[in-house]
Amino acid sequence: MAICVDTNHSNIKENLIEVIKLSGKRIIDVHISDNHGIEEEHLPPGDGIIDFPQVVRTLKNLGYKGPLTPYVLS
């Protein structure tokens with residue numbers, strides 16, 4: 001089973017880092033956007049509370065080499 005981790009969604013009611021660790025080698029894509037942990041905001045990284053350096057370290061430790069897809073407002 002392949003998994004797309006969405007940082008914005010996983011940061012609302014889950015522990016984002018634990019989601020990444022539990023998903024492990026099944027991750028095929030990571031959607032990147034930030035929020036304040038309450039609702040979907042799709043903010044640029046750094047405008048909310050997500051610790052993106054920790055996200056990247058965790059992905060790197062898992063050997064993830066796939067895409068990091070930013071959420072782009074149109």
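**Figure 1. The buried side of helix H3.** Helix H3 spans residues 52-61, and its buried residues are Phe52, Val55, Thr58 and Leu59. Viewed down the axis of H3, these buried residues stay within an arc of 120°, so they line one face of the helix. The model shown here, as in every panel, is predicted. Cover for the buried residues of H3 comes from several elements. These include two helices, H1 (7-13) and H2 (16-23), and two strands, S2 (27-32) and S3 (68-70).

**Figure 2. The outer side of H3 and the residue that follows the helix.** Pro53, Lys60 and Asn61 are exposed, and they sit on the face of H3 turned away from its buried side. Just after H3 comes glycine 63. Its backbone takes a positive phi of about 85°.

**Figure 3. The buried side of helix H2.** Which residues of H2 are buried? They are Leu16, Ile17, Val19, Ile20 and Ser23. Down the axis of H2, the buried residues fall within an arc of 160°, so here too one face of the helix is lined by them. Their packing partners are strand S1 (3-6), H1, S2 and H3. H3 therefore appears in this view as a partner of H2. The reverse view holds as well: H2 is among the elements that cover the buried residues of H3.

**Figure 4. Aspartate 34 in its loop.** Aspartate 34 lies in the loop between S2 and H3. Is this residue buried or exposed? Aspartate 34 is buried: its relative accessible area is 0%, and the cut-off for buried is under 20%. Leaving aside residues up to four places away in sequence, aspartate 34 touches Asn8, Glu41, His42, Leu43, Pro44, Pro45, Gly46, Asp47, Gly48, Ile49, Ile50 and Phe52. Two of these contacts tie back to other views. Phe52 is one of the buried residues of H3. Glycine 48 is 14 residues from aspartate 34 in sequence, yet their C-alpha atoms are 5.2 Å apart in space.

**Figure 5. Threonine 69 on strand S3.** Threonine 69 belongs to strand S3. With a relative accessible area of 31%, threonine 69 is partly exposed. Not counting residues up to four places away in sequence, threonine 69 touches Asp29, Val30, His31 and Ile32. Strand S2 covers residues 27-32. For scale, take leucine 22 as a reference point. Threonine 69 and leucine 22 are 47 residues apart in sequence, and 20 Å separates them C-alpha to C-alpha.

**Figure 6. The whole protein, as context for the close-ups.** The protein has 3 helices and 3 strands. From the N terminus on, their order is β-α-α-β-α-β. Along the principal axes, the C-alpha atoms fill a box of roughly 30 × 25 × 25 Å. A compact globule of 74 residues would have a radius of gyration near 11 Å, and the protein has 11 Å, which agrees. Of the 74 residues, 36% are buried. Take the contacts between residues at least 6 apart in sequence: 62% of them join residues at least 24 apart.

**Figure 7. Surface and charge.** The accessible surface of the protein is about 4800 Å². Carbon and sulfur atoms account for 57% of that surface. How far apart are the mean positions of the positive and negative charges? The distance is 15 Å, with 7 positive and 10 negative charges in the protein.

Notes: Residues are numbered from 1 along each chain as its sequence is written. This is a predicted model: local features need pLDDT of at least 70, side-chain atom pairs count only at pLDDT 80 or more; totals for chains, interfaces and linings use all residues. Side-chain values use heavy atoms; hydrogens and water are left out. Helices (H or I, at least four residues) and strands (E, at least two) are DSSP runs, numbered from the N terminus. The radius of gyration is taken over C-alpha atoms; the globule rule is 2.2 Å times the number of residues to the power 0.38. Buried means under 20% relative accessible area, exposed over 50%, partly exposed in between (1.4 Å probe, protein chains only). Contact means heavy atoms within 4.5 Å. Accessible areas come from the Shrake-Rupley method with a 1.4 Å probe; for residues, only the protein chains shown count as cover. Lys and Arg count as positive and Asp and Glu as negative; His and the chain ends are not counted. The place of a charge is taken as NZ of Lys, CZ of Arg, CG of Asp or CD of Glu. The arc is that of the directions from the helix axis to the C-beta atoms.
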